[in-house]
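The following exercises are to be worked through with the coordinates open, and each is followed by a solution in steps.

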Amino acid sequence: MKRFSYLKAALATSCLFVSPACKDILEQPDDAVITADQVFSTPDNAMQSLYNVYATCQINGFITGDGSNGRSDAGTNDGLLLAASDEGDQVGTGGVANSFNDGTWGPSNQNEYSIQRVTQGMRNACVFLENVDKVPFISTGQYNWTPQLKAQTIAEAKVLRALMHFDMMSRFGGIPIISEVPKVVIKNVGGINKAEVTPSANRQSLKRTIAFIVRSCDEAIADLPNSYPSSDLGRLTKGAAMALKARTLLYAASPLYNTATPYLSFGADSLICMQSFDPQRWQDAVVANKAVLDWAASNGYALLDDATLGKSESYNYATGAVFDPKNKEILFFDHTHGQQAGGANIVRWACPIYFSWGNSVMALPMNFIQKTYRDRNGNDITLPTTGSFPAFKNLMRRMEPRFHATAWWPGSQYTNTGLMNTVGGNDTSKFLIKVGSASGTFQQVPTTGQLLGNGVPNGIHQKKFINLVNALNGRFDGYWPIFRLAEFYLNHAEALNEVNPADPAIFTSLNAIRTRAGLPLLAPGNATYASIAGSKDRIRAYIQRERAVELYGEEHRFFDVRRWKIAANDGVMKGDFFRIFLHENGTGSYVYPTPAMTPAQRLANDQKLSYRIEKFETRVWDDKMYFYPFPQAEVNKGFLVQNPGW
């Protein structure tokens, strides 16, 4: 399959569109190598400029770079954002995520998000929009520039710009709206010439920011296609623009936003809330998210539920295998950081012990597992704080299919591909155990081949996304899912419950998710249905739990607990967090299992181990953390009002 790529312009457009150090095109001297007229003189050049907009207006949740170099603010620079919420933990003392968990982040050390990168992407989009009229209606090279293509590219640039506004808004609240290329204008005020920056560098209200995003999508939808040929796979469709609008309206309706009383009042409340509660915002979210579902159904998109793959692997492929022809679930994805070669930082930093650097692996806290996941019959799970290893394995085997696509637990196979199997990744052998007793020391295992060290004992590892790496330390075909269809079933159910909890369409949307997950339908006769039906509060709690499982690791939970205003709840973003570890129980020495062992021998061996659940840290939360602080250096320039509490 030929895949859409963001062309690295052979022109000097990298200077014009990417580097903030480059001069504005209008300020270039007459003998400059390139001018705006030249860039937009042919369709081919103009399209390369649009691809630069794509390249700088993206959301990427994966660690970038290779061999510890080339990292950016993607993910959390050295980890995944899931580790900065109750979804996970970045084991070790370092890591950007840990500064969120221990409360030490702030205006001078917020290293998860780069405002400079995002605003550069917004400006790049504005440069394209302000110069696209210069492109002549001719056919040269690859593209035939027609009024239809022109309108489509304008729509693409508008949605990409809006996507960056949403990405920043979800962290900061109301932000400066970059609707045109920033420039300095001299105005005469009372006989005195004064320089003003336009558009304003000041923050706009949250309501205006949201309205700008929604309006940009509305303006673009009509001119975007429903699909592309395979050579352009990854460009924006109508559905992607509708998805951005729908997600934005869901946020606007949520408690953090949709209120007259902000989490902290500071004299500029319009920057962090809508300054009123309006139930119509929930209805708007219902309509927008239903429109996405209807569009998807009409254009061949569906939740991946393939009988040959099974439930667990269907979920696995849906969230990671973007180019697999079976996967019709991804509406839009980041195409800029896929197919990372062996040694990629995402593999080394996010894989489990023994296949990582050993001090920054991702793990699932036991609190999160026990409060969100169910067994395959849809029942809650209970795991005592201590017990035998065989009892632990029996419970894990009964877990719902999505858990097995997300977590690697002692005794389970890491992946169906070649990754780690040749070094014991398909069994317990690479989980460290304490020798002798629960107070013993962790067993040390010699490193061989790609085993980079003893790793960190953290019990249950995160494996979503990276379990599709195709060989030992091999290529990572990872494309970040920006909009996945499953989200919009959950969005629709959430908004509809707030409007009318008796509407049966709530359960229609939820059952679409449960069917693919391999769980019983929510319907009369089902115990879960009986416990929540008709209660807005209980349905809301169920939906929040379902989102935590279905959208695990996709950078939703971190923002969901904020927009729902539940981050301060114990065990969400604060309080004690727990891990599980294995230890010998005094009945004999455990040996690493081998293929030659019989089932009886394996069981006898397993009975020599017990597990224990213990606290590994206490996390910190302050309500000022509902929105990020702006970098202090930017606030000091005098344009930005800092968020309250910082």
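**Exercise 1.** In this predicted model, determine which side chain of opposite charge is nearest to E555, and decide whether the two form a salt bridge.

*Solution.* Begin with the charged partner: the nearest side chain of opposite charge is that of R171, at 4.3 Å. A salt bridge requires a side-chain nitrogen of Lys or Arg within 4 Å of a carboxyl oxygen of Asp or Glu, and E555, although buried, has no salt bridge. Next, place the residue in the chain, where E555 belongs to the loop that joins α18 (536–550) to α19 (557–563). Finally, list the surroundings: not counting residues up to four places away in sequence, E555 touches I59, G61, G75, L81, R171 and W480, so that R171 is one of the contacts even though E555 has no salt bridge.

**Exercise 2.** Establish how many disulfides the structure holds, and examine the surroundings of C57.

*Solution.* The count of disulfides is zero. For C57, the nearest cysteine sulfur belongs to C126 and is 8.9 Å away, whereas a disulfide calls for sulfur atoms within 2.5 Å. As to accessibility, C57 has a relative accessible area of 0% and is therefore buried; C217, likewise with a value of 0%, is buried.

**Exercise 3.** Work out the strand order of the open four-stranded sheet, and say which strands stand at its edges.

*Solution.* Reading across the sheet, the order is β8-β14-β13-β10, with mixed pairing. The edges are occupied by β8 (386–388) and β10 (433–434), and because each has a single partner strand, one side of each is left without a neighbour in the sheet. Turning to the pair β13 (residues 575–584) and β14 (residues 609–619), one finds an antiparallel arrangement over ten bridges, in which G575 has R619 of β14 as its bridge partner. To complete the picture, add helix α13 (residues 389–397), which lies across β8, β13 and β14 and runs at about 90° to β8.

**Exercise 4.** Decide whether F277 is buried or exposed, and identify the residues that F277 contacts.

*Solution.* First locate F277 in the loop between α8 (238–253) and α9 (280–298). Its relative accessibility is 53%, and F277 therefore counts as exposed, the cut-off being over 50%. Exposure does not exclude contacts here: leaving aside neighbours within four places in sequence, F277 is in contact with N258, T259, A260 and W282. For N258, which is 19 residues from F277 along the chain, the separation of the two C-alpha atoms is 5.0 Å.

Note on methods:
Residues are numbered from 1 along each chain as its sequence is written. This is a predicted model: local features need pLDDT of at least 70, side-chain atom pairs count only at pLDDT 80 or more; totals for chains, interfaces and linings use all residues. Side-chain values use heavy atoms; hydrogens and water are left out. Buried means under 20% relative accessible area, exposed over 50%, partly exposed in between (1.4 Å probe, protein chains only). Helices (H or I, at least four residues) and strands (E, at least two) are DSSP runs, numbered from the N terminus. Lys and Arg count as positive and Asp and Glu as negative; His and the chain ends are not counted. Contact means heavy atoms within 4.5 Å. Two strands pair if DSSP finds at least two bridges between them. Axes are lines fitted to C-alpha atoms, for helices over the stretch in contact, and angles run from 0 to 180 degrees between N-to-C directions.
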